Amino acid sequence: MQADIIVDTKGMACPMPIVKAKKALDALQVGQTMVVISTDKGSVNDFQAWVKQTKHELIKHEQEDGDYKFLVKKL
(Lines give C-alpha, C1' and ligand atoms only; values in the text may rest on other atoms or scores of the structure.)
Protein backbone atom coordinates (compact mmCIF):
# COMPACT_ATOMS: atom_id res chain seq x y z
CA MET A 1 0.00 0.00 0.00
CA GLN A 2 1.32 3.43 -0.97
CA ALA A 3 0.45 6.37 1.27
CA ASP A 4 1.59 9.82 2.32
CA ILE A 5 2.15 8.61 5.89
CA ILE A 6 2.38 5.25 7.68
CA VAL A 7 1.14 4.91 11.24
CA ASP A 8 2.46 1.84 13.06
CA THR A 9 0.21 0.88 15.98
CA LYS A 10 1.36 -2.74 16.30
CA GLY A 11 1.03 -4.03 19.85
CA MET A 12 -1.47 -1.35 20.84
CA ALA A 13 -5.01 -2.18 21.95
CA CYS A 14 -8.23 -0.26 21.43
CA PRO A 15 -8.60 2.71 21.43
CA MET A 16 -4.94 3.58 20.73
CA PRO A 17 -4.85 2.65 17.00
CA ILE A 18 -7.76 5.02 16.39
CA VAL A 19 -6.23 7.73 18.59
CA LYS A 20 -2.90 7.54 16.72
CA ALA A 21 -4.70 7.44 13.36
CA LYS A 22 -6.79 10.52 14.19
CA LYS A 23 -3.71 12.49 15.22
CA ALA A 24 -1.90 11.54 12.00
CA LEU A 25 -4.93 12.24 9.81
CA ASP A 26 -5.34 15.70 11.36
CA ALA A 27 -1.87 16.59 10.04
CA LEU A 28 -2.72 15.57 6.45
CA GLN A 29 -4.20 17.69 3.69
CA VAL A 30 -7.52 16.78 2.07
CA GLY A 31 -6.91 14.07 -0.54
CA GLN A 32 -3.81 12.66 1.15
CA THR A 33 -3.72 9.09 2.43
CA MET A 34 -2.34 7.17 5.35
CA VAL A 35 -1.75 3.52 6.08
CA VAL A 36 -2.40 2.34 9.61
CA ILE A 37 -0.85 -0.98 10.66
CA SER A 38 -2.38 -2.72 13.66
CA THR A 39 -2.21 -6.10 15.35
CA ASP A 40 -5.50 -5.57 17.21
CA LYS A 41 -8.19 -7.92 15.80
CA GLY A 42 -10.88 -5.44 16.80
CA SER A 43 -9.34 -2.76 14.62
CA VAL A 44 -11.19 -4.01 11.53
CA ASN A 45 -14.56 -3.07 12.99
CA ASP A 46 -13.11 -0.02 14.73
CA PHE A 47 -11.69 1.49 11.55
CA GLN A 48 -14.81 0.80 9.49
CA ALA A 49 -16.94 2.60 12.09
CA TRP A 50 -14.43 5.42 12.59
CA VAL A 51 -14.13 6.39 8.91
CA LYS A 52 -17.91 6.29 8.60
CA GLN A 53 -18.31 8.62 11.59
CA THR A 54 -15.57 11.01 10.49
CA LYS A 55 -16.62 11.00 6.82
CA HIS A 56 -13.22 9.88 5.53
CA GLU A 57 -12.74 7.05 3.05
CA LEU A 58 -11.46 3.57 3.87
CA ILE A 59 -9.97 2.76 0.48
CA LYS A 60 -8.65 -0.68 1.35
CA HIS A 61 -7.94 -2.97 4.25
CA GLU A 62 -6.04 -6.23 4.27
CA GLN A 63 -4.63 -8.77 6.69
CA GLU A 64 -1.13 -10.14 6.32
CA ASP A 65 0.87 -12.22 8.81
CA GLY A 66 -1.19 -11.05 11.80
CA ASP A 67 -1.04 -7.38 10.76
CA TYR A 68 -4.13 -5.45 9.76
CA LYS A 69 -3.47 -2.67 7.26
CA PHE A 70 -5.88 0.15 6.52
CA LEU A 71 -5.55 2.70 3.72
CA VAL A 72 -7.52 5.82 4.66
CA LYS A 73 -8.05 8.91 2.50
CA LYS A 74 -8.73 12.27 4.15
CA LEU A 75 -11.85 13.89 2.70
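The legends below describe an overview and several close-up views of a predicted protein model.

**Figure 1. Overview of the whole protein.** The model contains two helices and four strands. Read from the N terminus, these elements follow the order β-α-β-α-β-β. A compact globule of 75 residues would have a radius of gyration near 11 Å, and the protein agrees with this because its own value is 11 Å. Along the principal axes, the C-alpha atoms fill a box of roughly 30 × 25 × 15 Å. Among contacts with a separation of 6 or more, 66% are between residues 24 or more positions apart.

**Figure 2. Surface and charges of the whole protein.** About 4600 Å² of the protein is exposed, and carbon and sulfur atoms supply 50% of this area. Of the 75 residues, 37% count as buried. There are 11 positive and 10 negative side chains, and the centres of these two sets are 6 Å apart. Three salt bridges are found in the whole structure; Figures 3 to 5 show them.

**Figure 3. The salt bridge between Lys22 and Asp26.** The closest N and O atoms of Lys22 and Asp26 are 2.8 Å apart. Both residues belong to helix 1, which covers residues 16–26. Lys22 and Asp26 are four residues apart, which is about one turn of the helix. Lys22 has a relative accessible area of 44%, so this residue is partly exposed.

**Figure 4. The salt bridge between Lys60 and Glu62.** Here the closest N and O atoms are 3.5 Å apart. Lys60 is partly exposed because its relative accessible area is 40%. Glu62 also counts as partly exposed, at 25% relative accessibility. Glu62 is one of the residues touched by Asp67, the subject of Figure 6.

**Figure 5. The salt bridge between Glu64 and Lys69.** The closest N and O atoms of this pair are 4.0 Å apart. Glu64 has a relative accessibility of 39% and therefore counts as partly exposed.

**Figure 6. Asp67, a buried residue with no salt bridge.** Asp67 lies in strand 4, which covers residues 67–73. This residue is buried, yet has no salt bridge. Its nearest side chain of opposite charge is that of Lys10, 4.0 Å away. Leaving out residues up to four places away in sequence, Asp67 touches Lys10, Ile37, Ser38, Thr39 and Glu62.

**Figure 7. The cis peptide bond between Cys14 and Pro15.** Most peptide bonds are trans. The bond that joins Cys14 and Pro15 is cis, with omega about 10°. Pro15 is in the loop between strand 1 (residues 5–8) and helix 1.

**Figure 8. Lys55, a residue with positive phi.** Most residues other than glycine have a negative phi. Lys55 is not glycine, but its phi is positive, near 65°. Lys55 sits in the loop that runs between helix 2 (residues 43–54) and strand 3 (residues 57–64). Its relative accessibility is 62%, so Lys55 counts as exposed.

**Figure 9. Asp65, another residue with positive phi.** The phi of Asp65 is near 50°, again a positive value in a residue other than glycine. Asp65 is placed in the loop between strand 3 and strand 4. With a relative accessible area of 77%, Asp65 is exposed, because the cut-off for exposed is over 50%.

Terms used. Residues are numbered from 1 along each chain as its sequence is written. This is a predicted model: local features need pLDDT of at least 70, side-chain atom pairs count only at pLDDT 80 or more; totals for chains, interfaces and linings use all residues. Side-chain values use heavy atoms; hydrogens and water are left out. The radius of gyration is taken over C-alpha atoms; the globule rule is 2.2 Å times the number of residues to the power 0.38. Buried means under 20% relative accessible area, exposed over 50%, partly exposed in between (1.4 Å probe, protein chains only). Contact means heavy atoms within 4.5 Å. Accessible areas come from the Shrake-Rupley method with a 1.4 Å probe; for residues, only the protein chains shown count as cover. Lys and Arg count as positive and Asp and Glu as negative; His and the chain ends are not counted. The place of a charge is taken as NZ of Lys, CZ of Arg, CG of Asp or CD of Glu.
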